[in-house]
Amino acid sequence: MYVVPTHPNGMLDLDAVNIGIADESDEHTAATALVCIENSHNRCGGTVLSVEQVESITSLAHSHGVAVHMDGARVFNAATALNIPVSTLISSVDSVMFCLSKGLSAPVGSMLVGDKEFIRKARRMRKVLGGGMRQAGILAAAGIVALEQMVKRLGEDHENCERLAYGLADLPQVRIQPDQVVTNILLFSLQHTEQQPFTESEIALFLNKAREQGVLLSRMGEKNIRAVTHAGIEAQHIEQALAAIRQALQEMQRS
C-alpha cells in the first residue's frame, strides 16, 4: 500500500498519486490496482471534494489502467454540501461504499456500489471470507428509511455544525476556522490565552469535563478535537453544548 498525504481540504496531491502508481514492469514492486479516496473527508474535518476534483483523480488513475474506489461513508453529506445529486458526485469512480448509519442514522449497515460484474465478485469474496447475514430484513428496512427520509435533512446537521463552529470561535481558548466547516464535522484545538497549546493531559481533562456536562467530543490526532452534529441535535442543543464547553474551560482556568 502506498499512502499519499492529503491536502488540508482532503484532496490528494496528483503528482504524488502519479509517482505512486506502479505498473508490472518492475517485478520487485507490486503493481497498483486501486486508488482510494474519501468524500467527505473525516480527518480533514468533513471537507468535500468537488466533482471536478474527483474527476481529476479518476482521470489520472484511469490513464494508468487503475480503478478508483471512493470511501463515501458520508458521501450524502458531501453531495448535500455541493447541492448536487450523489449520483453526479460518484459518476466517475469505479466503486463506492457509503454508510447507512452515521448521518443517515440507521442503526447499522453500509452499501457497496459498482457495476454488475464488480458486485458479483464482491458477493463471492464476501462468501469466501465467511461473510453473510440471515433474516436481515429488519436491518434492510431501517436502511430504506435512511435513504428515503434521512438524506433530505442532512442540511440541518450542516447548519448546526456551522452554528457550533462560529460559537466556538468566540471562545478565547479555541482555535478553529469556522468558514472551513462545510458538512457535519468540525475540528478545533485549544490553547491558553498566552498562545500555549493545551497539553495532552489538559485535553483529556477538558474532554472529561465536557462529558460530565453531556457533551461528547473525541480526539482527532495529537491536538485536534472533533465534534459531529447528527439527527436528534437541534439548534437549542448547540447553544447548550457551547455553554457546557464554556463552563468546562472556565473550570479548568480556575483550577
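**Close-up views of a predicted model**

**View 1. Gln135, a residue with a positive phi in a loop.** Gln135 is exposed, because its relative accessible area of 74% lies above the cut-off, which is over 50% for an exposed residue. In this predicted model, Gln135 is placed in the loop that runs between α5 (116–128) and α6. Its backbone has a positive phi of about 50 degrees, although Gln135 is not a glycine.

**View 2. The whole chain, for orientation.** The secondary structure of the protein comes to nine helices and eight strands, and the C-alpha trace spans about 65 × 45 × 35 Å along its principal axes. Of the 255 residues in the protein, 41% are buried. Among the contacts with a separation of 6 or more, 61% are made by residues that are 24 or more positions apart. An unreviewed UniProt entry lists residues 7–187 as "domain: Aromatic amino acid beta-eliminating lyase/threonine aldolase". Over this stretch, residues 7–187, the chain is 41% helix and 13% strand, and the end C-alpha atoms lie 15 Å apart.

**View 3. Helix α6 and its buried face.** Helix α6 covers residues 137–150, and its 14 residues should span 20 Å at 1.5 Å a residue, which agrees with the 19 Å between its end C-alpha atoms. Buried residues of α6 include Ala142, Gly143, Ala146 and Met150. Seen down the axis of α6, the buried residues fall within an arc of 100 degrees, so they line one face of the helix. An α-helix has 3.6 residues a turn, so residues three or four places apart point the same way. The partner on this side is α7 (154–169), against which the buried residues of α6 pack.

**View 4. Ser105, in a loop between two strands.** Ser105 lies in the loop between β3 (95–99) and β4 (110–113), where its phi is positive, at about 75 degrees, although Ser105 is not a glycine. With a relative accessibility of 35%, Ser105 counts as partly exposed. Leaving aside neighbours within four places in sequence, Ser105 is in contact with Leu100, Met150 and Ala231. Of these, Met150 is one of the buried residues of α6. Ser105 and Ala231 are 126 residues apart in sequence, yet their C-alpha atoms are 6.9 Å apart in space.

**View 5. The open sheet of four strands.** Four strands, in the order β5-β6-β8-β7, form an open sheet in which the pairing is antiparallel. At the edges stand β5 (174–175) and β7 (218–220), each with a single partner strand, so one side of each is left without a neighbour in the sheet. At one edge, β5 is joined to β6 by two bridges, the two strands running antiparallel, and Val174 has Leu190 in β6 as its bridge partner. Further into the sheet, β6 and β8 pair in the antiparallel sense over four bridges, with Ile185 standing opposite Val228 in β8. At the other edge, β7 and strand β8 (residues 224–228) pair over three bridges, again in the antiparallel sense, and the bridge partner of Ser218 is Arg226 in β8.

**View 6. Helices α7 and α8 on the sheet.** The edge strand β7 pairs with β8 over three bridges, and the sheet to which both belong carries two helices that are shown here. Helix α7 packs on the sheet and touches β5, β6 (185–190) and β8, its direction making about 15 degrees with that of β6. Helix α8, residues 200–212, also packs on the sheet, where it touches β6, β7 and β8, and its direction makes about 145 degrees with that of β7.

**View 7. Strand β6, covered on both faces.** Six of the six residues of β6 are buried, so this strand is largely enclosed by the rest of the structure. On one side of β6 the buried residues are Ile185, Leu187 and Ser189, and on the other they are Leu186, Phe188 and Leu190. Among these residues, Ile185 stands opposite Val228 in β8, whereas Leu190 is the bridge partner of Val174.

**View 8. A cis peptide bond between Asn39 and Ser40.** The peptide bond that joins Asn39 and Ser40 is cis, with omega at about 0 degrees. Ser40 belongs to the loop between β1 (34–38) and α2 (51–63).

Conventions: Residues numbered from 1 in each chain as written. Predicted model: local features only at pLDDT ≥ 70, side-chain atom pairs only at ≥ 80, totals over all residues. Heavy atoms only, no water. UniProt positions renumbered as here; feature names shortened; annotations may be inferred. Expected span 1.5 Å × (residues − 1). Buried < 20%, exposed > 50% of the residue type's maximum accessible area, 1.4 Å probe, protein only. Arc of directions from axis to C-beta. Contact = heavy atoms within 4.5 Å. Pairing = 2+ DSSP bridges. Axes fitted to C-alpha atoms, helices over the stretch in contact; angles between N-to-C directions.
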